[in-house]
Every structure is written in C-alpha cells, then in structure tokens.
Amino acid sequence: MKLVRLIYVSIMTETCDTEALEQILKVSRRNNAEKDVTGILCYDPAMFLQCLEGPRNVVNELYTSIARDTRHKNVTLLEYAEVSERLFGNWSMAFVSMHTVDPATVTRFSQNGKFNAFMFSGAEAGNFLMEIAGQKQESLALQKTMHP
Ligand code: FAD
C-alpha cells in the first residue's frame, strides 16, 4: 500500500456557515476513520488549509470529491507526495481555527506582512500545519478523533 500526503488550500464560499463547518467536520471524521485517512483542517473566516494522509487510491478519490464540494472554491493543490509515515496520524481530522494560533507564528509564516496560504510551497504548508498542531497539542488531544 502506498501512503501519500496531500495538502491543499481553498476559499470558503458563502454557503459555508458555522453549521456547514460542523457538518464537514462530523462527516470527515466519520468517513476518514473508516477509510484509514488522517489529517488536519485549519480554518480562518475565509480559507481552508487541509492535509490528508492515507492510502493513495483513497486520498486521490477523497480529494476529487472534496474539490467538487460547493462549500469552498479555488481549491489549490500545494503538495502531493508519497511518504513513509504520517504527520497527523492521531487524528481522523484535527481541527484548528486560525484565530487561536499564536500571532507570532502567523507573522513568521507571512509574506510582506500578510498571511496568505495560497503563497505557501508544499513544504511551508506542511511546516505551518505541524507547527500549529504542536502548539495546540492540549486542545487537539481533547478532540475525540483519535485514529485507531
Ligand atoms: P453524506 O453523508 O452523503 O453527506 C454529508 C453531509 O454533507 C450531508 O448532510 C450533505 O447534505 C452535506 N453536503 C455534502 N456535499 C455538500 C455540498 N456540496 N454543499 C452542502 N452540503 C453538502 N469529507 C471527508 O470524507 N473527509 C474529509 O477530510 C473532508 N474534508 C473536507 C474539507 C472541506 C474544506 C470541505 C468543504 C469538505 C470536506 N469533506 C470531507 C466533505 C466532502 O466534500 C464530501 O461532502 C463528503 O466526503 C461526502 O461524504 P458522504 O458521501 O459520506 O456524505
């Protein structure tokens, strides 16, 4: 089985309100746990940055489905790589809201004073997600989404 990591960024559409966001998380955690997919979803009021890790065919199919979802647009692939281990193996879908991220980290990952995940390289996107997951360890440990 080939294990892959995929990271994309997208822009939330008007149809994505708080209720829709909760629904996305609920369905993601259910489906991902069934399909051996793990990852993290970072959200700010305008943008999604998501990492999906799992068997190649499953991640490919899931990404195709996610890219068609009308709750976001401008879905832009930042990284797709075959990997030997998972970065977010403990979560079927960890969730971090950008407003809870340490401002110094946001500044460090900003360019010309602006945070714009669409400008990330694949490596930068991975590093940013790992950094915020590290900072949010306590709250993420409470998320009942542990991967079996
Ligand atoms: P169903 O159980 O058939 O539907 C799930 C619910 O979502 C239903 O209530 C349905 O009405 C609603 N829904 C589905 N599509 C839309 C839509 N386009 N607009 C409004 N409501 C809709 N899915 C995963 O399985 N794993 C993920 O990690 C994942 N991450 C996502 C990240 C983002 C940013 C977005 C926008 C979506 C994500 N999704 C994810 C959802 C994915 O796009 C599909 O909706 C989902 O995989 C369908 O699964 P299902 O057939 O089991 O859903």
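Q: Before we start, what is a polar contact here?
A: A polar contact is a pair of N or O atoms within 3.5 Å. Keep in mind that we are looking at a predicted model.

Q: Good. Which ligand atom does the side chain of Thr-70 approach, and how far away is it?
A: Thr-70 has a polar side-chain atom 3.0 Å from a nitrogen atom of the ligand. That pair falls within the 3.5 Å cut-off.

Q: And how much of the ligand does the protein cover?
A: On its own the ligand has 930 Å² of accessible area, and the protein covers 66% of that.

Q: Which elements give two or more residues to the shell around it?
A: Those are helix 1 (18–35), strand 3 (47–55) and helix 2 (56–67). Helix 1 gives the most, with seven residues.

Q: Which residues come nearest to the ligand?
A: There are 19 residues around the ligand, and the nearest are Ser-28, Arg-30, Asn-32, Asp-69 and Thr-70.

Q: What about the side chains of Asn-31 and Asn-32, which ligand atoms do they approach?
A: Asn-31 places a polar side-chain atom 3.0 Å from an oxygen atom of the ligand. For Asn-32, an N or O atom of the side chain is 2.9 Å from a nitrogen atom of the ligand.

Q: How does the shell divide into nonpolar, polar and charged?
A: The shell has eight nonpolar residues, eight polar ones and three charged ones.

Q: Changing topic: how many disulfides does the structure hold?
A: Zero.

Q: Why is Cys-16 without a bond?
A: Its closest cysteine sulfur is in Cys-42, and at 14 Å that is too far for a bond. A disulfide would need the two sulfur atoms within 2.5 Å.

Q: What about Cys-51, how far is the nearest cysteine sulfur?
A: Cys-51 is in no disulfide either; the nearest cysteine sulfur, again that of Cys-42, is 12 Å away.

Q: Are those two buried or exposed?
A: Cys-16 has 8% relative accessibility, so it counts as buried. Cys-51 is at 0%, so it counts as buried too. Cys-51 lies in strand 3.

Q: Let's move to the largest nonpolar core. Which residues touch the most other members?
A: The core has 24 residues, and Ile-40, Leu-49, Phe-120, Phe-128 and Leu-129 are the ones that touch the most other members.

Q: Which elements each supply at least two of its residues?
A: Strand 1 (3–12), strand 2 (38–43), strand 3, strand 5 (94–97) and helix 4 (122–135). Helix 4 gives the most, five residues.

Q: Now a couple of serines. Where is Ser-84, and is it buried or exposed?
A: Ser-84 is in the loop between strand 4 (72–82) and strand 5. At 74% relative accessibility it counts as exposed, because the threshold for that is over 50%.

Q: How far is Ser-84 from Lys-2 and from Cys-51, C-alpha to C-alpha?
A: Ser-84 and Lys-2 are 82 residues apart along the chain, with their C-alpha atoms separated by 8.6 Å. Cys-51 and Ser-84 are 33 residues apart in sequence, and 15 Å apart in space.

Q: And Ser-97, where does it sit, and what does its side chain contact?
A: Ser-97 is in strand 5. Its side chain is joined to that of His-99 by a polar contact of 2.9 Å. With 12% relative accessibility, Ser-97 counts as buried.

Key:
Residues are numbered from 1 along each chain as its sequence is written. This is a predicted model: local features need pLDDT of at least 70, side-chain atom pairs count only at pLDDT 80 or more; totals for chains, interfaces and linings use all residues. Side-chain values use heavy atoms; hydrogens and water are left out. A residue is near a molecule or strand if one of its heavy atoms lies within 4 Å of it. A polar contact is a pair of N or O atoms within 3.5 Å; within protein, one must be able to donate a hydrogen and the other to accept it, and residues adjacent in sequence count only if both atoms are side-chain atoms. Accessible areas come from the Shrake-Rupley method with a 1.4 Å probe; for residues, only the protein chains shown count as cover. Helices (H or I, at least four residues) and strands (E, at least two) are DSSP runs, numbered from the N terminus. Ala, Val, Leu, Ile, Met, Phe, Trp, Tyr, Cys and Pro count as nonpolar, Asp, Glu, Lys and Arg as charged, and the others, Gly among them, as polar. Buried means under 20% relative accessible area, exposed over 50%, partly exposed in between (1.4 Å probe, protein chains only). A nonpolar core is a set of buried Ala, Val, Leu, Ile, Met, Phe, Trp, Tyr and Cys residues joined through side-chain atoms within 4.5 Å.
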